[in-house]
Amino acid sequence: MTEYNVERIREDFPILKSKMNGHLLAYLDNAATSQRPNQVIDSVTSFYREYNANVHRGIYSISERATEAYEESKLKVSKFINSESIKEIIYTRNTTESINLVALGKGSECIGKDDHILITMMEHHSNIVPWQLLAKRTKGILDYVGLDTNGSGLDMENVKEMLEKEPKIVSISHVSNILGTINDVKEISKLAHKHGALVVVDGAQSVPHIKIDVKEIKCDFLAFSGHKMLAPSGIGVLYGREEILEEMEPVIGGGDMIRTVGMHDATWNDLPWKFEAGTPNIEGGIGMGAAIDYLGRLGMENIEAYERKLTEHAIAKMKNIPGLRIYGITDGANIGRIGVVSFTIEGIHPHDLASILDNDGIAIRAGHNCAMPLVRQILNNNAVARMSFYIYNTIEEVDRAVESLERAVAIFKRQGG
Ligand code: PLP
């Protein structure tokens, strides 16, 4: 695609024509979940209308067609993140399940009493709680890397210090869902591997927005969710390096993940099916394939450049609102961040901001946004408001949101709030 034609893209998203509270919907909560284009919706409905059958079982045509479409989507995922083969692509429900799968599988195998697990202060709960549970179960120790003095990135000196504790697992978000910061996961992966750690990357906020190459990052695991990248809900991915997955024991047992079952023992299916017990989310997988086709046609570099323009525009305008504080990188916004912009306005609760914007037809998020340690301890807040952009958002929508925020400031000023 040579020119990024956002109006053309918007045509593919039926929900963007709908109204919220009497205004055309401006959907700016893409870090929570994305909207879905007709191509993805149609891929799911055509599965149900034309070839609904279970996969990996039937010897009849529609089952073969379903299996083919489902498995073909894994090949698309594999190419999308440049993994070696589909053996490295496990379908899960979401990022959360993917990280839990690593913690329950590899984590249980390599963490024992007093072994260290290293995460960071900017993690989403789904990259905190599975490690807390693992540490409790095994009497391991969970350590955190702190933020730099600006509070917008990781303290790389602290990364090096914490690695001296020789953690067995290092699990970090590629992009923070609060700050939008892109962490240097390639460098952290290199440093962590020197200390013999396994590296898990939470790609929930990066894979939908920037080009990802697992061979370049050299991570051992990468977790991400389909619903944040145009695909249906309930389909997620765990990438794992083949050698590691080969050694790792399955976590969930049942149909499809076995080769043979005796009365007291069983042997396992090949990768990736060893980790996919039971009937999978077939329509989700098929929809994931359609979503990747869609993103591929636009080109991830084009998406990144377009979203950067929106983000720079938003930050420049928001900076003019009195009492507004943005969390994360605000100068040279094009470096090291994506279009997730968290903020507060002095004297106005983020929930009030979200309600006022909702009245104007604009959807934003407010709360701790599933990152309580960061929002409470580092940002010293109980809640933040957050705008987050995706491929179909426009400069006009950003301007509408900024005008709405300005109105909120005026209302609260009038009320002496
Ligand atoms: N990690 C990050 C950075 C996220 O932003 C999210 C969701 O917002 C998750 C993990 C969890 O994703 P899911 O709810 O799809 O499992």
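**Sheet edges and salt bridges in a predicted model**

Author: In this predicted model, four strands form an open sheet in the order β13-β14-β17-β16, with antiparallel pairing.

Reader: What makes β13 and β16 the edges of the sheet?

Author: β13 (324-327) and β16 (365-367) each have a single partner strand, so one side of each is left without a neighbour in the sheet. From one strand to the next, the twist averages 30 degrees.

Reader: How do you know that β14 and β17 pair?

Author: Pairing requires at least two bridges between the strands. Strand β14 (residues 340-345) and strand β17 (residues 384-388) are joined by 4 bridges and run antiparallel; the two strands therefore count as paired. Within β17, M387 is the residue opposite V341.

Reader: Why is the contact between E397 and R10 called a salt bridge?

Author: The cut-off from nitrogen to carboxyl oxygen is 4 Å. The side chains of E397 and R10 meet at 3.2 Å, N to O, and the pair therefore qualifies. E397 belongs to helix α14 and R10 to helix α1 (residues 6-11), 387 residues apart.

Reader: Why is E397 called buried or exposed?

Author: Buried means under 20% relative accessible area. E397 has 4%, so E397 is buried. R10, at 11%, is therefore buried by the same limit.

Reader: What makes K113 and D114 fall into their accessibility classes?

Author: Exposed means over 50%. K113, with 58%, is therefore exposed, whereas D114, with 43%, lies between the two limits and is therefore partly exposed. The side chains of K113 and D114 also meet in a salt bridge (3.4 Å, N to O).

Terms used:
Residues numbered from 1 in each chain as written. Predicted model: local features only at pLDDT ≥ 70, side-chain atom pairs only at ≥ 80, totals over all residues. Heavy atoms only, no water. Axes fitted to C-alpha atoms, helices over the stretch in contact; angles between N-to-C directions. Buried < 20%, exposed > 50% of the residue type's maximum accessible area, 1.4 Å probe, protein only.
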